[in-house]
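I opened a notebook on this structure to keep track of what I looked up. The entries follow in the order I made them.

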Protein chains: 2
Amino acid sequence: MTSNVHMLNKLVHVRSFTEQSADEQKTQSSHLTLICWNIDGLDPDNVFERAKGLLSHLGKYRADVVLLQELVPVSWKILKNIMKDYQFLQGSEDGYFTGILLRKDRVQFLQSNIVKYPTTEMGRNLLIAHVGHPLCIMTSHLESCKASSQERLNQLRRVWKWMKEAPQDHTVIFGGDTNLRDWEVKKLGGLPDGISDVWLMLGEPEESRYTWDTSINDNNEIPNSIRLRFDRLFLRAAAEGAKLQPESMTLIGLEKLKCDYFISDHWGILCTFIFGASEEQCVTD
Amino acid sequence: MTSNVHMLNKLVHVRSFTEQSADEQKTQSSHLTLICWNIDGLDPDNVFERAKGLLSHLGKYRADVVLLQELVPVSWKILKNIMKDYQFLQGSEDGYFTGILLRKDRVQFLQSNIVKYPTTEMGRNLLIAHVGHPLCIMTSHLESCKASSQERLNQLRRVWKWMKEAPQDHTVIFGGDTNLRDWEVKKLGGLPDGISDVWLMLGEPEESRYTWDTSINDNNEIPNSIRLRFDRLFLRAAAEGAKLQPESMTLIGLEKLKCDYFISDHWGILCTFIFGASEEQCVTD
DNA sequence: CCCGGGAGG
DNA sequence: CCCTCCCGG
């Protein structure tokens with residue numbers, strides 16, 4: 001394990017994690033950037049090259065907030081050893097788990113919280129970080145597989161409940177691998193009042209619809225072409241004051257590595273938000 | 001195949017199919033008796049002993065109408081060769097199929113009809129017989145297995161439509177293996193106006209609720225105890241004039257054969273109806 | 001003809 | 001982590 005970390009420290013361009021581009025400085029005060037990605041840490045194939053690819057993306061975008069799912073201890077250690085300018089929060093110590101990475105010079109960590117799903121059979125939970133602005137950042141990897149729809153929807157209801165009950169002065173951003181099918185959200189009566197799906201807010205851009213797509217991604221060697229929007233961001237606005245508006249959403253990790261694998265069987269989501277006055281304020285002020 | 005029929009002709013007491021009990025004569029003018037049974041003709045085990053058991057029951061009750069599902073050509077030939085006093089109508093020539101058997105001295109056959117289910121993947125259809133009184137008799141074996149719920153409900157809607165649209169002077173009796181779960185009927189908004197579930201009309205007698213019951217019936221070697229009301233009778237009253245009222249419903253085929261098998265994995269339904277004046281007539285005449 | 005799990009595509 | 005098929009319970 002330790003030698004793996006050393007090897008990767010050599011492989012990646014550590015430089016990229018400490019420098020800051022001019023473009024980035026230009027926008028940093030008005031924007032929040034976020035990456036959400038299930039990195040398929042359970043797949044034992046081409047672990048090093050895939051980790052290298054992941055680090056390359058994380059270093060390229062230097063997002064303010066990184067939400068990861070299917071981390072395993074070895075990948076966690078690798079990231080932690082290289083991304084020294086991020087605060088690391090993990091959903092669990094062992095098995096596979098989620099993580100929240102907060103860029104220290106951009107978001108001020110205040111406190112974190114782990115919420116258990118009482119009936120999960122896959123060890124899933126909800127990881128929450130309260131940070132400055134104020135923001136509440138959440139991630140989860142909801143129960144996998146079609147057959148676990150009921151449990152997944154239980155977990156989704158719990159996520160939505162926590163989003164609603166977060167402090168009213170906080171903007172709440174949830175990002176995760178929801179494993180959701182559209183009919184499941186419909187079954188719950190659609191999104192609850194006050195919670196928005198960021199991809200819907202952006203007008204359902206077709207090019208960032210499917211985050212899991214076996215018509216392109218053959219990491220899992222699934223012969224059927226199946227495309228699903230498993231990975232989603234939800235937003236709950238703060239009650240008043242400055243609001244956060246989604247600005248763009250693109251998918252990352254779309255390129256094949258030399259080993260003929262993709263970084264993960266999921267694409268990553270790169271999303272930018274813009275801090276702005278609330279609509280109410282625009283009208284009334 | 002032919003030798004099978006000969007063997008069974010020797011085995012069964014053919015006598016029972018031509019004699020008539022005193023009790024039967026007493027009630028025949030006022031009552032209609034019906035048997036509905038999925039006889040599991042696809043199960044290749046103990047075919048002769050099970051067929052013998054079936055013939056024994058059919059000879060014992062000499063029902064006016066017998067509705068069978070999962071007949072196969074060999075069982076069809078056996079029954080046809082022995083039950084000479086019945087008119088035989090079959091839903092199909094090959095594979096497995098449904099049949100309507102009409103006791104010639106009790107019900108007058110007028111015409112029959114086979115209605116295709118356009119999207120069945122299991123070759124299912126609706127078999128209809130118009131007989132005197134006038135009655136319209138229907139049977140079907142709706143799409144099997146939980147996974148085929150959607151197709152099964154399509155077929156159920158079609159059955160109900162045909163029941164509703166039968167000539168208004170006819171009483172309509174449907175009996176078959178519906179493979180229905182209660183939640184599926186609820187999903188359709190319950191029984192449509194004008195169509196009744198005979199078991200419900202009789203006050204939901206607990207002892208004839210489950211027609212498929214692996215807690216007792218081990219023909220399928222299913223270790224879990226699962227009880228379902230797959231086999232159902234529906235009734236649509238004639239618009240006016242004499243009505244048919246359900247009187248009793250009992251399950252048959254509950255006893256084990258010497259081979260340690262039951263006749264079928266389904267119990268049979270034995271149902272009696274009584275011809276009587278309609279409620280309206282009772283009040284107004 | 002139930003359910004769940006495992007293999008293969 | 002898709003789906004279907006098959007098998008065992």
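Entry 1, a helix on the sheet. I began with helix H3 (residues 47-61) of chain A, which lies across S1, S2, S13 and strand S14 (268-276) of chain A. Its direction is at about 170° to S1(A). I note here that the model is predicted, and that the values in these entries are computed from it.

Entry 2, a further helix. I looked up helix H4 (residues 73-82) of chain A and found that it lies across S2, S3 and strand S4 (97-103) of chain A. H4(A) runs at about 165° to S3(A).

Entry 3, the sheet itself. In what order do the strands of the sheet in chain A come? I wrote down S3-S4-S2-S1-S14-S13, six strands in an open sheet with mixed pairing. At the edges I found strand S3 (86-90) and strand S13 (243-252) of chain A, each paired on one side only. From one strand to the next, the twist averages 20°. As a reminder to myself, strands of a sheet pair through backbone hydrogen bonds, either parallel or antiparallel.

Entry 4, one pair of strands. I picked strand S1 (residues 31-38) and strand S2 (residues 65-71) of chain A, which run parallel and are joined by five bridges. Which residue of S2(A) is the bridge partner of Trp37(A)? I found Leu68(A) there.

Entry 5, two helices in chain B. I then turned to helix H3 (residues 47-61) and helix H4 (residues 73-82) of chain B, whose axes come within 11 Å and cross at roughly 35°. The crossing of H3(B) past H4(B) is right-handed. On the H3(B) side I listed Leu54(B), Leu55(B) and Leu58(B), which meet Ile78(B), Leu79(B) and Ile82(B) of H4(B). The residues of this contact divide into six nonpolar, no polar and no charged.

Entry 6, DNA strand D. How many residues surround DNA strand D? I noted 18, the closest being Ser144(A), Arg181(A), Ile222(A), Ile226(A) and Asn224(B). Of the atoms of DNA strand D that come within 4 Å of the protein, 63% belong to sugar and phosphate. The residues of the surface near the strand comprise seven nonpolar, seven polar and four charged.

Entry 7, polar contacts with the strand. I looked up Ser144(A), where a polar side-chain atom lies 2.2 Å from a phosphate oxygen of DNA strand D. For His266(A), a polar side-chain atom is 3.3 Å from a phosphate oxygen of DNA strand D. In Asn224(B), a side-chain N or O atom is 2.9 Å from a base nitrogen of DNA strand D.

Technical notes
Residues are numbered from 1 along each chain as its sequence is written. Chains are lettered from A and ligands numbered from 1 in the order in which they are written. This is a predicted model: local features need pLDDT of at least 70, side-chain atom pairs count only at pLDDT 80 or more; totals for chains, interfaces and linings use all residues. Side-chain values use heavy atoms; hydrogens and water are left out. A residue is near a molecule or strand if one of its heavy atoms lies within 4 Å of it. A polar contact is a pair of N or O atoms within 3.5 Å; within protein, one must be able to donate a hydrogen and the other to accept it, and residues adjacent in sequence count only if both atoms are side-chain atoms. Ala, Val, Leu, Ile, Met, Phe, Trp, Tyr, Cys and Pro count as nonpolar, Asp, Glu, Lys and Arg as charged, and the others, Gly among them, as polar. Axes are lines fitted to C-alpha atoms, for helices over the stretch in contact, and angles run from 0 to 180 degrees between N-to-C directions. A crossing is left-handed if the near helix is turned anticlockwise from the far one by less than a right angle, and right-handed if clockwise. Contact means heavy atoms within 4.5 Å. Two strands pair if DSSP finds at least two bridges between them.
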